Amino acid sequence: MEGIIDTHAHYDDEAFDEDRQMLLASLAPAGISKVINVGASLRGCRDSFDLADSHDHIYAALGVHPSETGDLTEDDMDWIAKKAQDKKVVAIGEIGLDYHFPDDPTPEHQQKWFIRQLDLARNLHLPAIIHSRDAAADTLEILKREDFGRIGGVMHCYSYSKELAEEYLKMGVFFGIGGVLTFKNGKKLKEAVAALPMEALLLETDCPYLAPEPNRGKRNSSLYLPLVVEEMSRIKGISREKVIRITSENAQRLFHFSR
Ligand code: NI
(Lines give C-alpha, C1' and ligand atoms only; values in the text may rest on other atoms or scores of the structure.)
Protein backbone atom coordinates (compact mmCIF):
# COMPACT_ATOMS: atom_id res chain seq x y z
CA MET A 1 0.00 0.00 0.00
CA GLU A 2 1.14 3.53 -0.78
CA GLY A 3 2.28 5.45 2.28
CA ILE A 4 2.90 9.15 2.82
CA ILE A 5 4.44 11.06 -0.09
CA ASP A 6 6.66 14.00 0.87
CA THR A 7 6.35 16.25 -2.18
CA HIS A 8 8.98 18.82 -1.13
CA ALA A 9 12.22 18.01 0.70
CA HIS A 10 15.81 19.25 0.59
CA TYR A 11 17.86 16.23 1.68
CA ASP A 12 20.83 17.69 -0.20
CA ASP A 13 21.05 20.35 2.55
CA GLU A 14 24.16 20.27 4.71
CA ALA A 15 21.91 19.78 7.75
CA PHE A 16 21.76 16.12 6.62
CA ASP A 17 25.48 15.61 5.97
CA GLU A 18 25.99 13.61 9.17
CA ASP A 19 23.30 10.97 8.70
CA ARG A 20 21.75 11.36 5.22
CA GLN A 21 21.98 7.73 4.07
CA MET A 22 20.73 6.34 7.39
CA LEU A 23 17.84 8.78 7.49
CA LEU A 24 16.80 8.06 3.89
CA ALA A 25 16.90 4.32 4.62
CA SER A 26 14.62 4.81 7.62
CA LEU A 27 11.80 6.46 5.65
CA ALA A 28 10.11 3.45 4.04
CA PRO A 29 9.87 1.45 7.28
CA ALA A 30 8.28 4.55 8.86
CA GLY A 31 5.54 4.68 6.20
CA ILE A 32 7.04 7.37 3.95
CA SER A 33 6.89 5.74 0.53
CA LYS A 34 8.15 8.49 -1.79
CA VAL A 35 10.03 11.78 -1.54
CA ILE A 36 10.56 14.53 -4.10
CA ASN A 37 13.89 16.20 -3.47
CA VAL A 38 13.58 19.73 -4.77
CA GLY A 39 16.44 21.71 -6.25
CA ALA A 40 16.76 25.33 -5.19
CA SER A 41 20.18 26.20 -6.61
CA LEU A 42 22.05 24.66 -9.55
CA ARG A 43 24.17 22.70 -7.09
CA GLY A 44 20.94 21.61 -5.40
CA CYS A 45 19.64 20.41 -8.78
CA ARG A 46 22.75 18.29 -9.34
CA ASP A 47 22.48 16.82 -5.84
CA SER A 48 18.73 16.19 -6.21
CA PHE A 49 19.34 14.37 -9.47
CA ASP A 50 22.04 12.19 -7.87
CA LEU A 51 19.85 11.38 -4.85
CA ALA A 52 16.99 10.34 -7.15
CA ASP A 53 19.36 8.35 -9.31
CA SER A 54 20.71 6.36 -6.36
CA HIS A 55 17.49 5.77 -4.35
CA ASP A 56 14.35 4.03 -5.64
CA HIS A 57 11.96 6.03 -3.45
CA ILE A 58 13.46 9.46 -4.19
CA TYR A 59 12.44 11.61 -7.15
CA ALA A 60 13.85 14.94 -8.25
CA ALA A 61 12.50 18.37 -9.12
CA LEU A 62 14.94 20.59 -11.00
CA GLY A 63 14.70 24.36 -10.90
CA VAL A 64 16.24 27.50 -9.48
CA HIS A 65 14.75 29.37 -6.51
CA PRO A 66 14.18 33.12 -7.14
CA SER A 67 16.88 34.11 -4.63
CA GLU A 68 19.42 31.98 -6.53
CA THR A 69 18.71 33.36 -10.02
CA GLY A 70 21.44 36.03 -9.86
CA ASP A 71 23.93 34.39 -12.23
CA LEU A 72 21.63 32.11 -14.24
CA THR A 73 22.32 31.66 -17.95
CA GLU A 74 20.62 30.03 -20.92
CA ASP A 75 23.27 27.29 -20.72
CA ASP A 76 21.89 26.44 -17.27
CA MET A 77 18.40 26.16 -18.77
CA ASP A 78 19.77 23.78 -21.42
CA TRP A 79 21.42 21.69 -18.73
CA ILE A 80 18.16 21.43 -16.73
CA ALA A 81 16.18 20.58 -19.87
CA LYS A 82 18.62 17.76 -20.66
CA LYS A 83 18.66 16.33 -17.13
CA ALA A 84 14.84 16.56 -16.96
CA GLN A 85 14.54 13.89 -19.66
CA ASP A 86 15.28 11.32 -16.96
CA LYS A 87 12.22 9.40 -15.66
CA LYS A 88 13.10 10.21 -12.04
CA VAL A 89 12.74 13.95 -12.69
CA VAL A 90 9.05 14.68 -12.03
CA ALA A 91 8.83 18.50 -11.87
CA ILE A 92 10.45 21.86 -12.51
CA GLY A 93 11.06 23.67 -9.24
CA GLU A 94 11.29 25.32 -7.03
CA ILE A 95 10.73 28.46 -9.06
CA GLY A 96 8.87 31.68 -8.33
CA LEU A 97 9.18 35.03 -6.62
CA ASP A 98 10.57 35.99 -3.22
CA TYR A 99 10.41 39.65 -2.28
CA HIS A 100 11.25 39.03 1.39
CA PHE A 101 14.71 40.54 1.01
CA PRO A 102 14.14 43.49 -1.33
CA ASP A 103 16.19 43.65 -4.53
CA ASP A 104 18.09 40.43 -3.96
CA PRO A 105 17.87 39.88 -6.92
CA THR A 106 15.55 42.59 -8.26
CA PRO A 107 11.87 41.73 -8.84
CA GLU A 108 12.37 42.21 -12.60
CA HIS A 109 15.25 39.74 -12.63
CA GLN A 110 13.29 37.18 -10.58
CA GLN A 111 10.27 37.55 -12.87
CA LYS A 112 12.35 37.00 -15.98
CA TRP A 113 13.71 33.66 -14.71
CA PHE A 114 10.38 32.64 -13.23
CA ILE A 115 8.71 33.02 -16.63
CA ARG A 116 11.66 31.35 -18.36
CA GLN A 117 11.42 28.31 -16.09
CA LEU A 118 7.63 28.13 -16.51
CA ASP A 119 8.40 27.89 -20.23
CA LEU A 120 10.74 25.03 -19.46
CA ALA A 121 8.01 23.18 -17.56
CA ARG A 122 5.54 23.77 -20.38
CA ASN A 123 7.94 22.54 -23.05
CA LEU A 124 8.98 19.49 -21.03
CA HIS A 125 5.39 18.61 -20.06
CA LEU A 126 6.33 18.65 -16.39
CA PRO A 127 4.40 20.26 -13.53
CA ALA A 128 5.98 23.21 -11.70
CA ILE A 129 6.64 23.68 -7.99
CA ILE A 130 6.02 27.33 -7.11
CA HIS A 131 7.74 29.26 -4.31
CA SER A 132 6.08 32.60 -3.55
CA ARG A 133 6.88 34.76 -0.53
CA ASP A 134 5.71 38.34 0.01
CA ALA A 135 4.87 38.43 -3.70
CA ALA A 136 1.19 37.43 -3.86
CA ALA A 137 0.02 39.91 -6.50
CA ASP A 138 2.89 39.47 -8.98
CA THR A 139 2.83 35.68 -8.61
CA LEU A 140 -0.89 35.47 -9.36
CA GLU A 141 -0.59 37.86 -12.30
CA ILE A 142 2.27 35.90 -13.90
CA LEU A 143 0.67 32.51 -13.29
CA LYS A 144 -2.61 33.70 -14.83
CA ARG A 145 -0.85 35.22 -17.82
CA GLU A 146 1.27 32.10 -18.35
CA ASP A 147 -1.80 29.86 -18.13
CA PHE A 148 -0.41 27.93 -15.18
CA GLY A 149 -3.54 25.81 -14.98
CA ARG A 150 -2.47 24.21 -18.24
CA ILE A 151 1.10 23.54 -17.10
CA GLY A 152 -0.11 22.24 -13.75
CA GLY A 153 1.68 22.32 -10.44
CA VAL A 154 1.70 23.10 -6.78
CA MET A 155 1.82 26.23 -4.65
CA HIS A 156 4.56 25.09 -2.28
CA CYS A 157 4.27 26.04 1.41
CA TYR A 158 1.06 27.91 0.66
CA SER A 159 1.05 31.00 2.88
CA TYR A 160 -1.56 33.35 1.44
CA SER A 161 -5.25 33.85 2.26
CA LYS A 162 -8.24 31.58 1.89
CA GLU A 163 -9.60 34.02 -0.71
CA LEU A 164 -6.48 33.81 -2.87
CA ALA A 165 -6.55 30.02 -2.50
CA GLU A 166 -9.94 30.07 -4.24
CA GLU A 167 -8.32 31.84 -7.21
CA TYR A 168 -5.66 29.15 -7.46
CA LEU A 169 -8.21 26.40 -6.97
CA LYS A 170 -10.05 27.67 -10.04
CA MET A 171 -6.81 27.17 -11.99
CA GLY A 172 -6.76 23.55 -10.85
CA VAL A 173 -3.46 23.77 -9.01
CA PHE A 174 -2.44 21.93 -5.84
CA PHE A 175 -1.43 23.27 -2.44
CA GLY A 176 1.64 22.00 -0.57
CA ILE A 177 0.87 21.70 3.14
CA GLY A 178 3.54 21.17 5.78
CA GLY A 179 4.59 21.93 9.35
CA VAL A 180 3.08 25.43 9.41
CA LEU A 181 -0.35 23.76 9.65
CA THR A 182 0.52 22.73 13.23
CA PHE A 183 1.85 26.13 14.34
CA LYS A 184 -0.13 28.07 16.95
CA ASN A 185 0.11 31.11 14.66
CA GLY A 186 -0.90 29.03 11.62
CA LYS A 187 -4.53 30.14 11.79
CA LYS A 188 -4.60 31.52 8.23
CA LEU A 189 -3.36 28.22 6.80
CA LYS A 190 -5.77 26.18 8.96
CA GLU A 191 -8.63 28.29 7.50
CA ALA A 192 -7.39 27.78 3.95
CA VAL A 193 -7.07 24.01 4.47
CA ALA A 194 -10.56 23.85 6.00
CA ALA A 195 -11.96 25.62 2.93
CA LEU A 196 -10.06 23.67 0.25
CA PRO A 197 -11.17 20.26 -1.03
CA MET A 198 -8.95 17.30 0.01
CA GLU A 199 -8.39 16.63 -3.71
CA ALA A 200 -6.26 19.81 -3.92
CA LEU A 201 -3.89 19.08 -1.03
CA LEU A 202 -0.38 17.61 -1.00
CA LEU A 203 1.87 16.82 1.97
CA GLU A 204 5.35 18.31 2.11
CA THR A 205 8.07 19.07 4.64
CA ASP A 206 10.42 21.66 3.09
CA CYS A 207 12.92 19.91 5.38
CA PRO A 208 15.31 20.76 7.01
CA TYR A 209 13.02 23.76 7.60
CA LEU A 210 9.55 24.18 9.14
CA ALA A 211 9.37 21.21 11.53
CA PRO A 212 5.82 20.72 12.86
CA GLU A 213 4.84 21.13 16.52
CA PRO A 214 6.02 19.92 18.99
CA ASN A 215 9.34 19.90 17.11
CA ARG A 216 9.16 23.46 15.80
CA GLY A 217 12.67 24.90 15.43
CA LYS A 218 14.36 21.49 15.20
CA ARG A 219 15.70 19.92 12.01
CA ASN A 220 12.69 18.73 10.03
CA SER A 221 12.44 15.47 8.08
CA SER A 222 9.74 13.38 6.40
CA LEU A 223 9.57 11.34 9.62
CA TYR A 224 7.59 14.21 11.20
CA LEU A 225 4.89 14.22 8.50
CA PRO A 226 2.49 12.10 10.61
CA LEU A 227 2.15 15.21 12.82
CA VAL A 228 0.89 17.17 9.80
CA VAL A 229 -1.38 14.26 8.82
CA GLU A 230 -2.85 14.30 12.33
CA GLU A 231 -3.64 18.02 12.19
CA MET A 232 -5.11 17.73 8.69
CA SER A 233 -7.28 14.84 9.82
CA ARG A 234 -8.54 16.94 12.73
CA ILE A 235 -9.32 19.98 10.54
CA LYS A 236 -11.04 17.95 7.80
CA GLY A 237 -12.82 15.55 10.16
CA ILE A 238 -11.58 12.42 8.37
CA SER A 239 -9.27 9.58 9.41
CA ARG A 240 -5.49 9.77 9.13
CA GLU A 241 -5.58 6.84 6.72
CA LYS A 242 -7.89 8.78 4.45
CA VAL A 243 -5.65 11.88 4.59
CA ILE A 244 -2.67 9.74 3.54
CA ARG A 245 -4.58 7.91 0.82
CA ILE A 246 -6.05 11.05 -0.80
CA THR A 247 -2.89 13.18 -0.62
CA SER A 248 -0.84 10.34 -2.11
CA GLU A 249 -3.36 9.86 -4.92
CA ASN A 250 -3.16 13.60 -5.56
CA ALA A 251 0.65 13.44 -5.72
CA GLN A 252 0.50 10.53 -8.15
CA ARG A 253 -2.01 12.42 -10.32
CA LEU A 254 0.24 15.49 -10.49
CA PHE A 255 3.71 13.97 -10.68
CA HIS A 256 3.08 10.67 -12.50
CA PHE A 257 5.74 8.66 -10.64
CA SER A 258 6.60 5.85 -12.99
CA ARG A 259 9.35 3.91 -11.27
NI1 NI B 1 11.84 24.42 -0.52
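A search of the whole structure turns up 1 cavity of 30 Å³ or more, where a cavity is a set of points on a 1 Å grid over the protein atoms alone at which a 1.4 Å probe fits but cannot get out. Its volume is about 40 Å³, a volume being the space filled by probe spheres set on the points, with grid points joined across faces, edges and corners. The residues that line this largest cavity, meaning those with an atom within 4 Å of a point, are Ile130, Ser132, Met155, His156, Cys157, Tyr158, Ser159 and Tyr160.

Before going on, I should say that this is a predicted model, in which local features need pLDDT of at least 70 and side-chain atom pairs count only at pLDDT 80 or more, while totals for chains, interfaces and linings use all residues. Residues are numbered from 1 along each chain as its sequence is written, and side-chain values use heavy atoms, with hydrogens and water left out.

Now to the largest pocket, a pocket being an open set of points with protein on both sides within 12 Å along at least five of seven lines. This one has a volume of about 510 Å³, and among its 25 lining residues, Ser132, Arg133, Cys157, Ser159 and Leu210 lie nearest its centre. Strand E5 (128–133) and helix H8 (187–195) each supply at least two residues of that lining; helices (H or I, at least four residues) and strands (E, at least two) are DSSP runs, numbered from the N terminus.

Leu210 itself lies in the loop between E8 and H9, and its phi is near 60 degrees, a positive value in a residue other than glycine. Most residues other than glycine have a negative phi, and most peptide bonds are trans. With a relative accessible area of 30%, Leu210 is partly exposed, which places it between buried (under 20%) and exposed (over 50%), as judged with a 1.4 Å probe on protein chains only. Pro208 is also in the loop between E8 and H9, and the peptide bond leading to it from Cys207 is cis, with omega near 15 degrees.

Which residues hold the nickel ion? Its protein donors are His8 (NE2), His10 (NE2), Glu94 (OE) and Asp206 (OD), which lie 2.1 to 2.3 Å from it. Donors here are N, O and S atoms within 2.8 Å of the metal (3.2 Å for Na, K and Ca), and since water is not among the atoms, sites may look incomplete. His10, in the loop between strand E1 (4–9) and helix H1 (20–27), and Asp206, in the loop between strand E8 (201–203) and helix H9 (225–236), link parts of the chain 196 residues apart, and both of these residues are buried. The 4 donor atoms subtend angles of 86 to 174 degrees, so the arrangement is irregular; four donors would count as tetrahedral if all angles lay between 85 and 135 degrees, four as square planar and six as octahedral if opposite donors were over 155 degrees apart and all others between 65 and 115, and anything else is irregular.

Lastly, the largest nonpolar core has 68 residues, of which Tyr11, Leu118, Phe148, Tyr158 and Tyr168 touch the most other members. Helix H4 (residues 107–124) gives the most to this core, with 5 residues. Such a core is a set of buried Ala, Val, Leu, Ile, Met, Phe, Trp, Tyr and Cys residues joined through side-chain atoms within 4.5 Å.
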